[in-house]
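The following exercises concern a single protein chain and are solved step by step. Please examine the sequence and the coordinates before starting.

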Amino acid sequence: MENTIREFVACLASRPHTQNSCNPYREPSARNNLVRYLEKVYSQRGRPILLVGEALGYRGGLLTGIPFSSERLLRTAPHAFLRSLRDQLDIAGDTSEATATMVWGALAGRRKVPLFWNAFPFHPHRPGEPDSNRAPSGREVEESRLYLQQLARIFRPVKVAGLGRKGAQAAERALPGNKVTLLRHPSYGGKLEFEAGLERLLRT
């Protein structure tokens with residue numbers, strides 16, 4: 001399985017940067033971090049829950065290569081899963097990202113964690129502004145359907161959920177045989193509703 005995960009990450013790395021998107025997996029550090037993360041998720045007992053978000057943010061996954069993470073989280077978060085990864089990762093800075101912090105805070109005390117991914121697994125930004133976030137276009141999400149399908153074939157998730165409508169819609173289109181649970185995004189006042197939805201998803 002290690003070779004399959006590495007082949008998947010190598011496929012991600014082959015996508016070039018564009019005028020308004022950045023592919024962090026062109027860099028060896030991001031590729032290594034993603035491989036270590038995916039291998040750790042795969043090593044958990046049983047099949048994981050797949051949780052699909054929207055895209056990598058410039059303060060989070062763009063810098064780490066790991067969806068729903070930030071440099072500060074990976075350096076300091078007390079969660080046992082992240083602590084076990086710490087020595088294997090290449091992290092240069094200490095930037096924090098709000099959504100990632102809220103998501104991992106909701107997982108406190110959980111030994112098994114979801115498999116995190118995104119509808120567009122790269123960083124979409126405004127043209128000429130790499131330190132910005134924008135929503136991925138429909139074309140970008142459609143282009144990325146193959147990656148989501150490949151990931152699902154590797155991990156065979158027991159449940160699928162989308163964080164926000166764009167994540168849920170991408171999962172529904174890529175994985176039509178799966179029921180997709182919609183979770184409220186924790187930003188813009190949705191933190192409590194997100195936490196309640198995640199608790200139901202993990203419990204049932």
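**Exercise 1.** Does tyrosine 42 count as buried, partly exposed or exposed, and at what relative accessibility?

*Solution.* The model is predicted.
Step 1: the relative accessibility of tyrosine 42 is 37%.
Step 2: buried requires under 20% and exposed over 50%.
Step 3: tyrosine 42 therefore counts as partly exposed.

**Exercise 2.** Determine the span of helix H2 and list its buried residues.

*Solution.* Step 1: helix H2 comprises residues 28–43, which is 16 residues.
Step 2: from first C-alpha to last, H2 reaches 22 Å, close to the 22 Å expected at 1.5 Å a residue.
Step 3: the buried residues of H2 are Ala30, Asn33, Leu34, Val35, Tyr37, Leu38, Glu39 and Val41.
Step 4: as general background, residues three or four places apart in an α-helix point the same way, because there are 3.6 residues a turn.

**Exercise 3.** How many aromatic pairs does a search of the whole structure find, and what is the geometry of the pair formed by tyrosine 42 and phenylalanine 155?

*Solution.* Step 1: the search yields nine aromatic pairs.
Step 2: tyrosine 42 and phenylalanine 155 are edge-to-face, at 5.5 Å centre to centre with 75° between the planes.
Step 3: tyrosine 42 belongs to helix H2 and phenylalanine 155 to helix H8 (residues 145–155), so this pair ties together parts 113 residues apart in sequence.
Step 4: phenylalanine 155 has 4% relative accessibility and therefore counts as buried.

**Exercise 4.** Classify the ring pair of tryptophan 104 and phenylalanine 116, and place it in its surroundings.

*Solution.* Step 1: the ring centres of tryptophan 104 and phenylalanine 116 are 5.7 Å apart and the planes stand at 65°, so the pair is edge-to-face.
Step 2: tryptophan 104 lies in helix H6 (residues 98–106) and phenylalanine 116 in strand S3 (residues 115–120), 12 residues apart.
Step 3: tryptophan 104 counts as buried at 6% relative accessibility, and phenylalanine 116 is buried at 0%.
Step 4: Trp104 and Phe116 form one aromatic cluster with Tyr37, Phe68 and Phe81.
Step 5: in strand S3, six of its six residues are buried.
Step 6: strand S2 (residues 49–55) pairs with S3 in the parallel sense over five bridges, and phenylalanine 116 is the bridge partner of leucine 51.

**Exercise 5.** What is the volume of the largest pocket, and which residues lie nearest its centre?

*Solution.* Step 1: the largest pocket holds about 580 Å³ of space.
Step 2: its lining has 26 residues, with Glu54, Ala55, Glu97, Thr99 and His185 nearest the centre.
Step 3: S2, H6 and helix H9 (165–174) each contribute at least two residues to the lining.
Step 4: by class, the lining contains nine nonpolar, 12 polar and five charged residues.

**Exercise 6.** Locate arginine 156 and tyrosine 188, and state the sign of phi for each.

*Solution.* Step 1: arginine 156 is not a glycine, although its phi is positive at about 45°. Arginine 156 is in the loop between H8 and strand S5 (159–163).
Step 2: tyrosine 188, also not a glycine, has a positive phi of about 55°. Tyrosine 188 is in the loop between strand S6 (180–183) and helix H10 (191–203).
Step 3: the relative accessibility of tyrosine 188 is 81%, so tyrosine 188 counts as exposed.

Terms used
Residues numbered from 1 in each chain as written. Predicted model: local features only at pLDDT ≥ 70, side-chain atom pairs only at ≥ 80, totals over all residues. Heavy atoms only, no water. Helix = DSSP H or I, 4+ residues; strand = E, 2+ residues; numbered from the N terminus. Expected span 1.5 Å × (residues − 1). Buried < 20%, exposed > 50% of the residue type's maximum accessible area, 1.4 Å probe, protein only. Phe/Tyr/Trp six-rings, centres within 6.5 Å; stacked < 30°, edge-to-face > 60°. Pairing = 2+ DSSP bridges. 1 Å grid on protein atoms, 1.4 Å probe; cavity = no way out; pocket = protein on both sides within 12 Å on 5 of 7 lines; lining within 4 Å. Points joined across faces, edges and corners; volume = space filled by probe spheres on them. Nonpolar A, V, L, I, M, F, W, Y, C, P; charged D, E, K, R; others polar.
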